[in-house]
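Please open the model in your viewer and keep the sequence panel beside it. The tour below proceeds by selection, one stop after another.

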Amino acid sequence: QVQLVESGGGLVQAGGSLRLSCAASGSIFSINGMGWYRQAPGKERELVAGITSGSTNYADSVKGRFTISRDNAKNTVYLQMNSLKPEDTAVYYCNANIAPATNPRRSRDYWGQGSQVTVSS
């Protein structure tokens, strides 16, 4: 059974930094794209950053401040968040498109449990 486990959320002052981690575990055949989404109260979930084997993409609101990376050996994706702003406050979810070893032809999206990030002004 595949699962994603997040860590690293918390409370930080504006201008500070946080690093989120998300590790995939279980019976995995392959991992395709990975990414981070966030959902603020009363708002829809939005893509923050994504990473594939060859490229990264970012929401305009976080470009130049956030960096996504992955360690394929550890099946882990990271989100380094610098120069945080109060408007970055949200629950952050990691996402990965994974082909399970039990059915390598049927990849699907998996989600982490969510990590609260709160930025105080």
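In this tour, contact means heavy atoms within 4.5 Å. The model is a predicted one.

**First stop: Asn95**

Select Asn95, which is found in strand β9, residues 90–100. Is Asn95 buried or exposed? Its relative accessible area is 9%, and buried means under 20%, so Asn95 counts as buried. Now display what surrounds Asn95. Neighbours within four places in sequence are left aside; Asn95 is then in contact with Leu4, Gly33, Met34, Gly35, Tyr37, Asp109, Tyr110 and Trp111.

**Second stop: the nonpolar core**

Next, select Trp36, Leu79, Met81, Tyr92 and Ile98. These are the residues with the most contacts inside the largest nonpolar core, which has 31 residues. Two or more residues of this core come from each of β3 (18–25), β4 (28–39), β5 (46–51), β7 (66–71), β8 (76–81), β9 and β11 (115–120). Which element gives the largest share of this core? That element is β9, with five residues.

Centre the view on Leu79. Not counting residues up to four places away in sequence, Leu79 touches Leu18, Arg19, Leu20, Trp36, Val48, Ala49, Phe66, Thr67, Ile68 and Tyr92.

**Third stop: a sheet of four strands**

Switch to a ribbon display and select β1, β3, β8 and β7. In that order these four strands form an open sheet, and the pairing is antiparallel. Why is one side of β1 and of β7 left without a neighbour in the sheet? β1 (3–7) and β7 stand at the edges, each with a single partner strand, so one side of each has no neighbour there. On average, and with direction ignored, neighbouring strands of this sheet are turned by 15° against each other. Strands of a sheet pair through backbone hydrogen bonds, either parallel or antiparallel.

Remain with β1 and show its side chains. Leu4 and Glu6 make up the covered face of β1, whereas Gln3, Val5 and Ser7 make up the uncovered one. In a regular strand the side chains alternate between the two faces of the sheet. Add β3 to the selection: five bridges join β1 to β3, and the two run antiparallel. Opposite Glu6 stands Cys22 in β3.

**Fourth stop: the hairpin of β7 and β8**

Move to the other edge of the sheet, where β7 stands. β7 and β8 pair in the antiparallel sense over six bridges. To see one partnership, select Ser69, whose bridge partner in β8 is Tyr78. The two strands form a hairpin with four residues between them.

Within the loop between β7 and β8, select Asn75. Asn75 is not a glycine, yet its phi is positive, at about 50°. With a relative accessible area of 26%, Asn75 is partly exposed. Ala73 is also found in the loop between β7 and β8. At 77% relative accessibility, Ala73 counts as exposed. Draw a line from Ala73 to Lys43: the two are 30 residues apart in sequence and 35 Å apart in space, C-alpha to C-alpha.

**Fifth stop: Ser83**

Proceed to Ser83, in the loop between β8 and β9. What is the phi of Ser83? Its phi is near 50°, a positive value in a residue other than glycine. Ser83 is partly exposed, with a relative accessible area of 41%.

**Sixth stop: charges over rings**

Show the side chains of Arg45 and Tyr93. The charged end of Arg45 sits over the ring of Tyr93, 3.8 Å from its centre. Then select Arg108 and Tyr110, where Arg108 lies over the face of Tyr110 at 3.8 Å from the ring centre. Tyr110 has already appeared on this tour as a contact of Asn95. As for rings paired with rings, a search of the whole structure finds one aromatic pair.

**Last stop: Ser121**

Finish at Ser121, in the segment after β11. Ser121 has 88% relative accessibility and counts as exposed. Leaving aside neighbours within four places in sequence, Ser121 is in contact with Ala14 and Pro86. Ser121 and Asp88 are 33 residues apart in sequence and 11 Å apart in space, C-alpha to C-alpha.

Methods
Residues are numbered from 1 along each chain as its sequence is written. This is a predicted model: local features need pLDDT of at least 70, side-chain atom pairs count only at pLDDT 80 or more; totals for chains, interfaces and linings use all residues. Side-chain values use heavy atoms; hydrogens and water are left out. Buried means under 20% relative accessible area, exposed over 50%, partly exposed in between (1.4 Å probe, protein chains only). A nonpolar core is a set of buried Ala, Val, Leu, Ile, Met, Phe, Trp, Tyr and Cys residues joined through side-chain atoms within 4.5 Å. Two strands pair if DSSP finds at least two bridges between them. Axes are lines fitted to C-alpha atoms, for helices over the stretch in contact, and angles run from 0 to 180 degrees between N-to-C directions. Rings of Phe, Tyr and Trp (its six-membered ring) pair if their centres lie within 6.5 Å; planes under 30 degrees apart count as stacked, over 60 as edge-to-face and the rest as tilted. A charge sits over a ring if NZ of Lys or CZ of Arg is within 6 Å of the ring centre and within 35 degrees of the ring normal.
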